[in-house]
Amino acid sequence: MKKPYRRAFIELTNVCNLACGFCARSARPAQAMPLKLFTAAAAQAGELAEMLSLHVLGEPLTHPDLPAALKACSGLWLKVNLVTNGLLLGKFPPELFAEPCLAQVSISLHALSCLPPADRPAEIRRLAAFALAKPPGLIISFRLRSAHEDDFFRTTLKELLACFQRTMEPGASFVKLADGVFLNFGGVFQWPGGAAGAVKTGCLGLKHHFGILSDGRVVPCCADYDGNLAFGNIEERPLALILSSPEAAALKARLAGACSLPGYCASCGFTAPDA
């Protein structure tokens, strides 16, 4: 039976091993979601969403209970996308990435811009080696969000393509690097909470996805990194009741453009005009 949401974002932790300039700065205290709370969040979200994406803020690979969290998802027969900057992949044994729940590992290459230029080629080769050694069936999605005219973009693209002995057609939106290994492009993301950007009439929050922060609060999307639009907490009420509440319905209507969008969303780079 089809589930009502395509994706649920769960923030395992808001702690990161990097401090990238393009990432949001949270006002929340550093927090790793307790394993018991994560298991409850995954179980409830898995009833409603086709895929769990371990992503909002933070680096999931810093979580002390990551192996147990993935094992819990496997026991619940869930599908998981692990979003990471990739720099800590080597701290775990290969068996971790063979967990049955793990459908995709998404690696944010733009995080490499935090490293000294001299250190980047070795990291790219290491990430390529990880992708080539992946378990069968696991998808590796490299993401490169940077202006195409930047030296960082051109150098990173050239070095990654060389690792896989691939070329790219001009204007392509993605490249298949190997079986189950892809490189996807995008612009630098603009976080919400700032000045208004392009004219927008709606977005997909609470239509295709929702998020759960590391403290249990439920938010409409992965861009609401500080819970400015939070409308419940799974430690106080079951997720299904939160998402079917009048508060959720009212917020969904605003996000869909039935009335004015929340001011917090005005600058969001992921707002979809044609939602």
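**Close-up 1. Surroundings of S53 in strand 2 of the predicted model.**
In this predicted model, S53 belongs to strand 2, which covers residues 49-54. When neighbours within four places in sequence are set aside, S53 is in contact with R7, A8, F9, I10, N81 and V83. With a relative accessibility of 2%, S53 counts as buried, because the cut-off for that class is under 20% relative accessible area.

**Close-up 2. The salt bridge between R28 and D226.**
R28 pairs with D226 in a salt bridge in which the closest N and O atoms are 3.4 Å apart. R28 is placed in the loop between strand 1 and helix 1 (35-46), while D226 is placed in the loop between strand 9 (218-219) and helix 5 (239-243), so the pair ties together parts that are 198 residues apart in sequence. Both partners are classed as buried, R28 at 13% relative accessibility and D226 at 16%.

**Close-up 3. The salt bridge between E123 and R126 in helix 3.**
The side chains of E123 and R126 meet in a salt bridge, with an N to O distance of 2.5 Å. Both residues belong to helix 3, which covers residues 120-132, and because they are three residues apart they are separated by about one helical turn. R126 counts as partly exposed, with a relative accessibility of 28%.

**Close-up 4. The salt bridge between D151 and R154 in helix 4, and a network of shared partners.**
Within helix 4 (residues 151-164), D151 and R154 are three residues apart, which is about one turn of the helix. Their closest N and O atoms are 2.3 Å apart, and the two residues form a salt bridge. R154 is partly exposed at 43% relative accessibility, whereas D151 is exposed, with a relative accessible area of 54%. Elsewhere, E11, R28 and D226 are joined into one network by salt bridges that share partners. What is the count of salt bridges by the rule used here? The count comes to six.

**Close-up 5. W77, a residue with a positive phi.**
Although W77 is not a glycine, this residue has a positive phi of about 60°. W77 is found in the loop between helix 2 (66-75) and strand 3 (80-84). Is W77 buried or exposed? At 79% relative accessibility, W77 counts as exposed, because that class begins over 50%.

**Close-up 6. Q165, a residue with a positive phi.**
Q165 is not a glycine either, yet its phi is positive, at about 55°. The loop that holds Q165 runs between helix 4 and strand 6, the latter covering residues 174-178. Q165 is exposed, and its relative accessible area is 71%.

**Close-up 7. A patch of positive charge on the surface.**
Four residues, K2, R6, K207 and K252, gather on the surface in a patch of positive charge. Among them, K2 lies in the segment that comes before strand 1, the strand itself covering residues 5-10. K2 has a relative accessible area of 75% and is therefore exposed.

Definitions and conventions:
Residues numbered from 1 in each chain as written. Predicted model: local features only at pLDDT ≥ 70, side-chain atom pairs only at ≥ 80, totals over all residues. Heavy atoms only, no water. Patch = residues over 30% accessible without salt bridge, like charges linked within 9 Å, V, L, I, M, F, W, Y side chains within 5 Å. Areas by Shrake-Rupley, 256 points an atom, 1.4 Å probe, with all protein chains shown as cover. Lys, Arg positive; Asp, Glu negative; His and termini not counted. Charge placed at Lys NZ, Arg CZ, Asp CG, Glu CD. Helix = DSSP H or I, 4+ residues; strand = E, 2+ residues; numbered from the N terminus. Buried < 20%, exposed > 50% of the residue type's maximum accessible area, 1.4 Å probe, protein only. Contact = heavy atoms within 4.5 Å.
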